Amino acid sequence: MSPVRRVLLAGASGLVGSEVRRQLLARGDGLSVVSLLRRPRQPHPPRDLEWVADLTDPARDDELTAGLRALAGDVDACICALGTTIRQAGSREAFLAVDRDLVIRVATIARALGAGRMVLVSSVGASAQSDNFYLRVKGETERALGELGFERLDLLRPGLLLGERSEKRTAEQWGQRLAPLANPLLRGPLRRYRAIAASDVAAAAVAVLAQGEGGRHVHENAGLLALARA
């Protein structure tokens, strides 16, 4: 597969996405980042382009695609770290609009801009057949991205993310406190449910951009850590 020179990044203001952006820009190979944002950030380096758009209106996706093409031209890859919770979103419908529909829209835009690679930060246990609503949505999203024709699709399935979020998530805060005790107890098949640092997930997302084999690739805890530390 062709080398990655320009990446479309969605979710750049979040826990994993912000770390992905930082790590991409820290590379010395001239790679540029196009961040799709809902609100502007502070001044940024020349290799860090941004497009601020109202992402709530799917009818404007063609306009958004044209604007991104005028700003940066084609892209080689897309990394999507979008995600919310049902509590934050306010309802199941609002959650679906972000974690499924918006992710699929971003991936579709990336394909229109020429992206041959797609990297999605999903969740451990994601399955379109799951009885759990959250995991079923994640699985449906993964399945939909697999139908968009990317040459390579990387699905990152971390457990609980460790790191400082800008917003408060009480359940996650308790989980982070308990993670040092719980992780050693999760062995064998349960290891994939271990908590993992957001910086390691971001490093894995960046690392897979250098891998040349096409197809669909799923990365869980051990695989994510191996990629992050390679």
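**Exercise 1. In which strand does V218 lie? Determine the accessibility class and contacts of this residue and of H219.**

The model is predicted: local features need pLDDT of at least 70, side-chain atom pairs count only at pLDDT 80 or more, and totals for chains, interfaces and linings use all residues. Residues are numbered from 1 along each chain as its sequence is written, and side-chain values use heavy atoms, with hydrogens and water left out.

Step 1. V218 lies in strand 9, where helices (H or I, at least four residues) and strands (E, at least two) are DSSP runs numbered from the N terminus. H219 has its place in strand 9 as well.

Step 2. Buried means under 20% relative accessible area, exposed over 50%, and partly exposed in between (1.4 Å probe, protein chains only). V218 has a relative accessibility of 35% and therefore counts as partly exposed. H219 has 10% and therefore counts as buried.

Step 3. Contact means heavy atoms within 4.5 Å. Not counting residues up to four places away in sequence, V218 touches L155 and R157. Leaving aside neighbours within four places, H219 is in contact with R152, D154, L155, L156, R157, V208, L224 and L227.

Step 4. The C-alpha atoms of V218 and L153 are separated by 8.5 Å, although these residues are 65 residues apart along the chain.

**Exercise 2. Describe the sheet and the helices that pack on it.**

Step 1. The protein contains eight helices and nine strands. Seven strands form an open sheet in the order 3-2-1-4-5-6-9, with parallel pairing; two strands pair if DSSP finds at least two bridges between them.

Step 2. The edges are strand 3 (48-52) and strand 9 (215-219), each of which pairs on one side only. From one strand to the next, the twist averages 15°.

Step 3. Strand 4 (residues 77-80) and strand 5 (residues 117-121) run parallel and are joined by four bridges. In this pair, C80 stands opposite L120 of strand 5.

Step 4. Helix 1 (residues 15-26) packs on the sheet, where it touches strand 1 (6-10), strand 2 (32-37), strand 3, strand 4 and strand 5. The direction of helix 1 makes about 160° with that of strand 1; axes are lines fitted to C-alpha atoms, for helices over the stretch in contact, and angles run from 0 to 180 degrees between N-to-C directions.

Step 5. Helix 2 (residues 61-72) lies across strand 1, strand 2 and strand 3, and runs at about 155° to strand 3.

**Exercise 3. Why is strand 2 described as largely enclosed by the rest of the structure?**

Step 1. Strand 1 and strand 2 pair in the parallel sense over five bridges, and L8 stands opposite V34 in strand 2.

Step 2. In a regular strand the side chains alternate between the two faces of the sheet. For strand 2, S32, V34 and L36 are buried on one side, and V33, S35 and L37 are buried on the other.

Step 3. Six of the six residues of strand 2 are buried, so this strand is largely enclosed by the rest of the structure.

**Exercise 4. Characterise the packing of helix 7 with helix 8.**

Step 1. Two packed helices are described by the angle between their axes and the distance between the axes. The axes of helix 7 (residues 198-207) and helix 8 (residues 221-229) come within 8 Å and cross at roughly 70°.

Step 2. Angles under 35 degrees count as roughly parallel, over 145 as roughly antiparallel, 65 to 115 as roughly perpendicular and the rest as oblique. Helix 7 and helix 8 are therefore roughly perpendicular to each other.

Step 3. Helix 7 contributes D200, A203, A204 and A207 to the contact, and helix 8 contributes L224, L225, L227, A228 and R229. These residues divide into seven nonpolar, no polar and two charged; Ala, Val, Leu, Ile, Met, Phe, Trp, Tyr, Cys and Pro count as nonpolar, Asp, Glu, Lys and Arg as charged, and the others, Gly among them, as polar.

Step 4. Helix 7 is mostly covered, with eight of its 10 residues buried; among them are A198, D200 and V206.

**Exercise 5. State how many disulfides the structure holds, and examine C78 and C80.**

Step 1. The structure holds zero disulfides, a disulfide being a pair of cysteine sulfur atoms within 2.5 Å.

Step 2. C78 is in no disulfide, and the nearest cysteine sulfur is that of C80, 5.9 Å away. For C80, the closest cysteine sulfur is in C78, which is too far for a bond.

Step 3. Both cysteines are assigned by accessibility: C78 counts as buried at 0%, and C80 is buried, with a relative accessible area of 0%.
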